[in-house]
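Dear colleague,

I am handing over the structure we talked about. It is placed just below, and my notes on what was found follow it.

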Amino acid sequence: MDGNTLAETVRENRATELDRLGSEKALVASTAARLDRASVLAATLDAERRAAATFEAWAADEGDDAARAAFERVASRERDHAERVRGLLDDADGEPDADPEPDPLHAHLRDLDSTAERVAAGLVARPLVSERSLLQVVNFFVNEADERAADTVRDLRSETRDLVDDGAALLDTCCADDDDWDRAREAADRTVAVAYAEYEDRLTEMGVDPKPVC
């Protein structure tokens, strides 16, 4: 096993869930069907702030030097992402700086304590989920003819997608044996499952079928 193989395994094993997490229903789930500019931006801002808080918490107690440095970099990037999204809000000055409560995905991530699990879940699986969600945010702003917002979110999506390769490379250095790789693979797989379960639950509560219409 190596990092690239693990990432590809997650893509293959969770292809259905990842496809649905990148569907048009993703915004319905994340905004509770409030498909207006302010609600979409608020949901995107919350997602970026939650991610920053998760990586900051990991960096604070991570024993592996390379992983800790990576978590610090990603936390800083996610804070930057949040500020870029905040800058698109019409009432940005009124937005609180406090981090939102963790959603099921980030509650799951923050419970992980081994380096291999954190890297696989946070730097491989989470970006696989997030970049698909961000695609629908891009599409929303394209449909709204808001090119400034669409371009901003495109950049966020590209930077998020790049994390998968970074995470795969880091796994090659922090996984020392088969047990580490097994824990990493299970953590990554579980992360996609948790994200999908949240998506499914939110849609079901609204009476929306999470499965695509054929």
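**Cores, fold, pocket and one arginine**

In this predicted model, the largest nonpolar core has 42 residues, and those touching the most other members are Leu6, Phe71, Val119, Leu123 and Leu171. A second core, separate from that one, is made of 17 residues, with Val40, Val85, Leu134 and Phe140 among them. As background, nonpolar side chains in soluble globular proteins tend to be buried together.

Phe71 is worth a look on its own. Setting aside residues up to four places away in sequence, phenylalanine 71 touches Phe55, Trp58, Ala59 and Glu62, and also Arg118, Val119 and Leu123. Two of these contacts, Val119 and Leu123, are also named above for the largest core.

On the overall fold: the protein chain contains nine helices and zero strands, so the order of elements from the N terminus is α-α-α-α-α-α-α-α-α. The chain is as compact as a globular protein of its length, because its radius of gyration is 17 Å, close to the 17 Å given by the globule rule for 214 residues. Along the principal axes, the C-alpha atoms fill a box of roughly 50 × 45 × 25 Å. Buried residues make up 51% of the 214 in the chain. Of the contacts between residues at least 6 apart in sequence, 79% join residues at least 24 apart.

Next, the pocket. The largest one has a volume of about 630 Å³. It is lined by 27 residues, of which Ser30, Ala47, Asp103, Ser133 and Arg202 are the closest to its centre. Which helices each supply at least two residues of this lining? They are H3 (25–31), H4 (37–61), H6 (104–110), H7 (115–143) and H9 (178–205). H4 gives the largest share, seven residues. Sorted by class, the lining has 13 nonpolar, eight charged and six polar residues.

Last, arginine 183, which is placed in helix H9. Is arginine 183 buried, partly exposed or exposed? Its relative accessible area is 35%, and because partly exposed covers values between 20% and 50%, arginine 183 counts as partly exposed. Apart from neighbours within four places in sequence, arginine 183 is in contact with Ser114 and Glu117. Between arginine 183 and arginine 110, which lie 73 residues apart along the chain, the C-alpha separation is 16 Å.

Regards

Key. Residues are numbered from 1 along each chain as its sequence is written. This is a predicted model: local features need pLDDT of at least 70, side-chain atom pairs count only at pLDDT 80 or more; totals for chains, interfaces and linings use all residues. Side-chain values use heavy atoms; hydrogens and water are left out. On a 1 Å grid over the protein atoms alone, a cavity is a set of points where a 1.4 Å probe fits but cannot get out, and a pocket is an open set with protein on both sides within 12 Å along at least five of seven lines; lining residues have an atom within 4 Å of a point. Grid points are joined across faces, edges and corners, and a volume is the space filled by probe spheres set on the points. Helices (H or I, at least four residues) and strands (E, at least two) are DSSP runs, numbered from the N terminus. Ala, Val, Leu, Ile, Met, Phe, Trp, Tyr, Cys and Pro count as nonpolar, Asp, Glu, Lys and Arg as charged, and the others, Gly among them, as polar. A nonpolar core is a set of buried Ala, Val, Leu, Ile, Met, Phe, Trp, Tyr and Cys residues joined through side-chain atoms within 4.5 Å. Buried means under 20% relative accessible area, exposed over 50%, partly exposed in between (1.4 Å probe, protein chains only). Contact means heavy atoms within 4.5 Å. The radius of gyration is taken over C-alpha atoms; the globule rule is 2.2 Å times the number of residues to the power 0.38.
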